[in-house]
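Trainee: Could you take me through one part of this model closely, beginning inside the sheet and working outwards to what surrounds it? I would like a connected account rather than a list.

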Amino acid sequence: MEQLRALYPAIKENFSEMLDVDGTHTIYYEESGNPNGVPVIFLHGGPGCGTAPSCRQYFDPEFYRIILFDQRGSGKSTPRACLENNDTWHIIEDIEKIREKLNIDKWLVFGGSWGSTLSLCYAIKHPERVLGLVLRGIFLGRREDIEWIYEVGGASNFHPESFERYISIIPEEERKDIIGAYYKRLTSKDKETREIAAKEWSMWEGSLVTLHPDPNLEQSFGEINYAISMATIECHFWMNNMFWDDDNWLLDHVDVIKDIPTWIVHGRYDVDCRPIGAYELNKKLNNCKLEFTVSGHSSGEPEIVDSLVRATDYFKEILK
């Protein structure tokens, strides 16, 4: 059996900057790798999670010019967890502002989970700017995909003990709309109410993302600054249906990008974002490779790391 590929060695950024995009939001972005290399932009999950230095390590730093940024309200971007003008279309405008600031014509687009959703939205809006797509843990953003995670009857069937804790802060009479009940608490004027809701929401999601239970990862999802931005922004997006006017917006518009080279990796046992979404997307694309791996959802699982690194190496060959 072939040895799994690992991440590239850790590297430091070449530079980082804060970009004022609209007078309210200031976006953190950075470049690492080869300043003259093929550009790639990394779109993080959540929404609301932010990036980490390890996100640079999916790419050969001698070949790629690696661009990371923290989406509105996330990571090092400010103000933290701000919902004003925080939606899919404003984030796509931010991506374009970063591209123009860095004088990049086209780039490889890499995104996982919500980052896969955003990658597809960006490619549909700006296909002429996309060299290719590397996507992990496909999330199509439909009501059925959202309710699978956060309401009764989906992931709750696989992780009942964690789900019981997640709904324990919601009174019985509000459990017909758990997402709405959480949104009320996450946007409460009371700080303690917001923090309790954020921690429980985030730890619930943290319990879902790995094939093998990882209590340390679940606890890290509950770190309050991370939890506040992730839970508040995610719930805001889910309450507003991704700011689409069509529940099936991605699959209804994906024809625009059907010939763009695409590599999808999805965990066969992903209970956070269901494998069916990756399968449905793949069927709509003409130039796509889909790999199901023996893993869950997390980008850190060895089988997913292996596929993602092979994907970026594959694009090295076709983008030379």
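Mentor: In this predicted model, β6 and β7 run parallel and are joined by 4 bridges, and within that pairing arginine 136 stands opposite valine 265 in β7. On the β8 side, β7 pairs again in the parallel sense, here over 6 bridges, and valine 265 stands opposite glutamate 291 in β8. Valine 265 is thus a useful residue to keep in view, since it faces arginine 136 in one pairing and glutamate 291 in the other.

The surroundings of β7 are just as telling: 6 of its 6 residues are buried. Both faces of the strand are covered, with Thr262, Ile264 and His266 buried on one side and Trp263, Val265 and Gly267 buried on the other.

Stepping back to the whole sheet, 8 strands form an open arrangement in the order β1-β2-β4-β3-β5-β6-β7-β8, with mixed pairing. The edges are held by β1 (15-20) and β8 (288-293), each of which has a single partner strand, so one side of each is left without a neighbour in the sheet. From one strand to the next the twist averages 20°. At the β1 edge the pairing is antiparallel, with 6 bridges joining β1 to β2 (residues 26-33), and phenylalanine 15 has glutamate 31 in β2 as its bridge partner.

Two helices pack on this sheet. Helix α10 (residues 275-283) touches β6 (130-136), β7 (262-267) and β8, and its direction makes about 160° with that of β8. Helix α11 (residues 302-319) touches β3 (38-43), β4 (64-69), β5 (107-112), β6, β7 and β8, and its direction makes about 175° with that of β7. The strand with which we began is therefore touched by α10 as well as by α11, and its residues are buried on both faces.

The loops that adjoin several of these strands hold some backbone features that deserve a careful look. In the loop between β3 and β4 lies proline 47, which is joined to glycine 46 by a cis peptide bond with omega of about 0°. Proline 79, in the loop between β4 and α1 (88-101), is likewise joined through a cis peptide bond, here to threonine 78, with omega of about -10°. Serine 113 belongs to the loop between β5 and α2 (114-125); although not a glycine, serine 113 has a positive phi of about 60°, and with a relative accessible area of 10% this residue is buried. A positive phi, of about 65°, is also found at phenylalanine 243, again not a glycine, in the loop between α8 (224-239) and α9 (249-253), but phenylalanine 243 is partly exposed, at a relative accessible area of 24%.

Finally, there is a packing of helix against helix to consider. Helix α4 (residues 160-167) and helix α6 (residues 191-206) pack at an angle of about 165° with their axes 9 Å apart, and they are therefore roughly antiparallel to each other. The crossing of α4 past α6 is left-handed. In their contact, Ser162, Phe163, Arg165 and Tyr166 of α4 meet Glu200, Trp201, Met203 and Trp204 of α6, a set that divides into 5 nonpolar, 1 polar and 2 charged residues. Serine 202 also has its place in α6; its relative accessibility is 0%, so it counts as buried, and beyond its neighbours within four places in sequence it is in contact with Phe221, Ala227, Met230 and Ala231.

Definitions and conventions
Residues are numbered from 1 along each chain as its sequence is written. This is a predicted model: local features need pLDDT of at least 70, side-chain atom pairs count only at pLDDT 80 or more; totals for chains, interfaces and linings use all residues. Side-chain values use heavy atoms; hydrogens and water are left out. Axes are lines fitted to C-alpha atoms, for helices over the stretch in contact, and angles run from 0 to 180 degrees between N-to-C directions. Angles under 35 degrees count as roughly parallel, over 145 as roughly antiparallel, 65 to 115 as roughly perpendicular and the rest as oblique. A crossing is left-handed if the near helix is turned anticlockwise from the far one by less than a right angle, and right-handed if clockwise. Contact means heavy atoms within 4.5 Å. Ala, Val, Leu, Ile, Met, Phe, Trp, Tyr, Cys and Pro count as nonpolar, Asp, Glu, Lys and Arg as charged, and the others, Gly among them, as polar. Two strands pair if DSSP finds at least two bridges between them. Buried means under 20% relative accessible area, exposed over 50%, partly exposed in between (1.4 Å probe, protein chains only).
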